[in-house]
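The report below works from a single residue outward to the sheets and the whole chain. Please keep the sequence and the model at hand while reading.

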Amino acid sequence: MADTSRVLVDLHAATMAGADAPYGMIRDVAIAVADGRIAWVGAVDELPEPHRDLPRDSLGGRLVTPGLIDCHTHAVFGGDRAREFEMRLEGASYEEVARAGGGIVSTVRATRAASEDTLLKAALRRVDALIAEGVTMIEIKSGYGLDTDTELRMLRVARAIGEQRPIRVRTSFLGAHAVPAEYLGRADAYIDEVCIPALRAAHAEGLVDAVDGFCEGIAFSPAQIARVFDAAKDLGLPVKLHAEQLSNLGGAKLAASYGALSADHVEHLDAEGVRAMAGAGTVAVILPGAFYTLRETQAPPIDSFREQGVAMALATDLNPGSSPLNSLLLAMNMGCTLFRLTPEEALRGVTANAARALGLTDAGRIEQGQRADLAVWDIEHPAELAYRIGFNPLARRIFGGAPC
């Protein structure tokens with residue numbers, strides 16, 4: 001690997017670290033990079049001796065942020081669900097589409113029929129679009145296989161993306177996503193006979209970073225999710241949960257009782273659930289793409305999260321059905337417009353808090369010791385990232401200290 005040691009100069013940095021200034025903003029700053037990590041941040045004339053002789057790379061007065069992190073996606077899947085988009089516009093609800101054999105199970109059919117190469121080629125196109133917006137890390141879930149072979153195939157594809165593109169990939173096993181057609185009416189049997197054995201097989205192959213589930217009336221009950229989480233705990237894997245998206249089953253409270261990294265969607269979350277998340281340090285992952293696509297009206301309890309000190313992350317929820325959103329910048333705008341997040345909360349939601357939602361300590365901030373994954377923007381103020389619609393001001397992306 002080529003030496004990426006250098007000093008980045010002529011820049012302003014929204015570090016997303018510290019609380020002294022909005023956005024952790026530092027103007028007229030230099031960033032020393034060594035061995036793929038941030039070695040020092042400060043004024044050029046205070047550059048420590050070990051870094052003074054490094055090559056200097058002028059960023060022309062541009063704004064630098066941490067590389068963006070999309071912490072909730074379903075980027076690996078087969079087929080599409082454009083017809084269901086039409087059905088919903090004709091009046092069908094998301095639940096009605098699912099119960100009619102559409103929804104997640106329709107993507108399951110297409111994904112099972114797709115080869116690993118087909119899934120990879122399609123997923124790379126989606127990930128390339130995110131990379132072009134300054135994304136340096138992405139989480140990818142399984143959950144469109146619902147059998148052992150296809151779940152493992154999806155996770156292998158997710159790992160391959162991180163090998164073929166300059167982006168970090170975290171994987172989440174989502175076998176408890178839906179009940180497949182062959183187990184209709186036998187959700188408990190599916191959990192015991194397919195989901196948990198597939199999880200163990202995926203873990204044995206080194207394909208799993210976390211375990212997820214869908215706790216909802218059209219998916220799995222809290223008791224069924226608890227069995228999956230118990231298996232994850234036995235394997236030493238952290239958990240997260242799709243919770244309170246369409247109703248309140250107490251999923252977020254359950255997730256918090258397991259010390260979950262995050263509870264995601266959470267539109268129908270109640271005060272008890274918010275308190276449970278606050279006590280456990282569980283991040284709320286806000287997903288405006290699904291809210292928008294499904295034309296929901298119940299917004300997440302943003303004010304309660306603020307009051308209780310629950311960290312809020314923000315993500316695309318990129319998937320073929322409920323959130324065909326392939327832009328994290330647009331997700332930031334939607335989070336502000338639909339849920340009244342501030343632009344600073346939105347940027348923190350795709351940097352520092354997104355890293356926290358993935359259980360990471362080396363990403364999401366510009367400070368010493370962090371990976372040198374950075375996004376360089378042609379903007380004057382970081383609020384512009386959430387303010388603009390359909391505009392990408394990325395000038396350069398830096399991954400592990402190397403421009404790419």
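Where is Asp362 found?

## Asp362 and its surroundings

In this predicted model, Asp362 lies in the loop that runs between helix α14 (352-357) and strand β13 (374-377). Although the residue belongs to a loop, Asp362 is buried, because its relative accessible area of 14% falls under the 20% that serves as the limit for burial.

Leaving aside residues up to four places away in sequence, Asp362 touches Arg37, Arg168, Gln370 and Arg371. With one of these residues, Arg168, the side chain of Asp362 also makes a polar contact of 3.3 Å. Two of the residues touched can be placed in strands by their numbers: Arg37 belongs to β3 (37-42), and Arg168 belongs to β7 (residues 168-176).

## Strands β5, β6 and β7

Strand β6 (residues 135-141) is mostly covered, since seven of its seven residues are buried. Strand β6 pairs with strand β5 (residues 68-70) in the parallel sense, over three bridges, and in this pairing Ile69 stands opposite Met137 of β6.

Strand β6 is also joined to strand β7 (residues 168-176) by five bridges, and these two strands likewise run parallel. Here Ile138 stands opposite Val169, which is a residue of β7. Strands of a sheet pair through backbone hydrogen bonds, in either a parallel or an antiparallel sense.

## The seven-stranded open sheet

An open sheet with mixed pairing is formed by seven strands, and their order is β3-β2-β1-β4-β13-β14-β15. The edges are held by β3 (37-42) and β15 (402-403), each of which has a single partner strand, so that one side of each is left without a neighbour in the sheet.

Within this order, β13 is followed by β14, and four bridges join β13 to strand β14 (residues 394-399) in an antiparallel arrangement. One residue pair in this arrangement is Ala375 with Arg397, the latter being the bridge partner in β14. The loop that holds Asp362 leads to β13 (374-377), a member of this open sheet.

## Cysteines

How many disulfides does a search of the whole structure find? The search finds zero disulfides. Cys215 is in no disulfide, as the nearest cysteine sulfur, which belongs to Cys195, is 13 Å away. With a relative accessibility of 1%, Cys215 counts as buried.

Why is there no bond between the sulfur of Cys336 and the closest cysteine sulfur? The closest cysteine sulfur is in Cys71, and because it is 15 Å from the sulfur of Cys336, it is too far for a bond; a disulfide would call for sulfur atoms within 2.5 Å. Cys336 is buried too, with a relative accessible area of 13%.

## The chain as a whole

The protein chain has 15 helices and 15 strands, and its C-alpha atoms fill a box of roughly 70 × 45 × 40 Å when taken along the principal axes. The radius of gyration is 21 Å, which agrees with the value near 22 Å that a compact globule of 404 residues would have.

Of the 404 residues in the protein chain, 59% are buried. Among contacts between residues at least 6 apart in sequence, 71% join residues that are at least 24 apart. The accessible surface of the protein chain comes to about 15,500 Å², and carbon and sulfur atoms account for 49% of this area.

Key. Residues are numbered from 1 along each chain as its sequence is written. This is a predicted model: local features need pLDDT of at least 70, side-chain atom pairs count only at pLDDT 80 or more; totals for chains, interfaces and linings use all residues. Side-chain values use heavy atoms; hydrogens and water are left out. Buried means under 20% relative accessible area, exposed over 50%, partly exposed in between (1.4 Å probe, protein chains only). A polar contact is a pair of N or O atoms within 3.5 Å; within protein, one must be able to donate a hydrogen and the other to accept it, and residues adjacent in sequence count only if both atoms are side-chain atoms. Contact means heavy atoms within 4.5 Å. The radius of gyration is taken over C-alpha atoms; the globule rule is 2.2 Å times the number of residues to the power 0.38. Accessible areas come from the Shrake-Rupley method with a 1.4 Å probe; for residues, only the protein chains shown count as cover. Two strands pair if DSSP finds at least two bridges between them.
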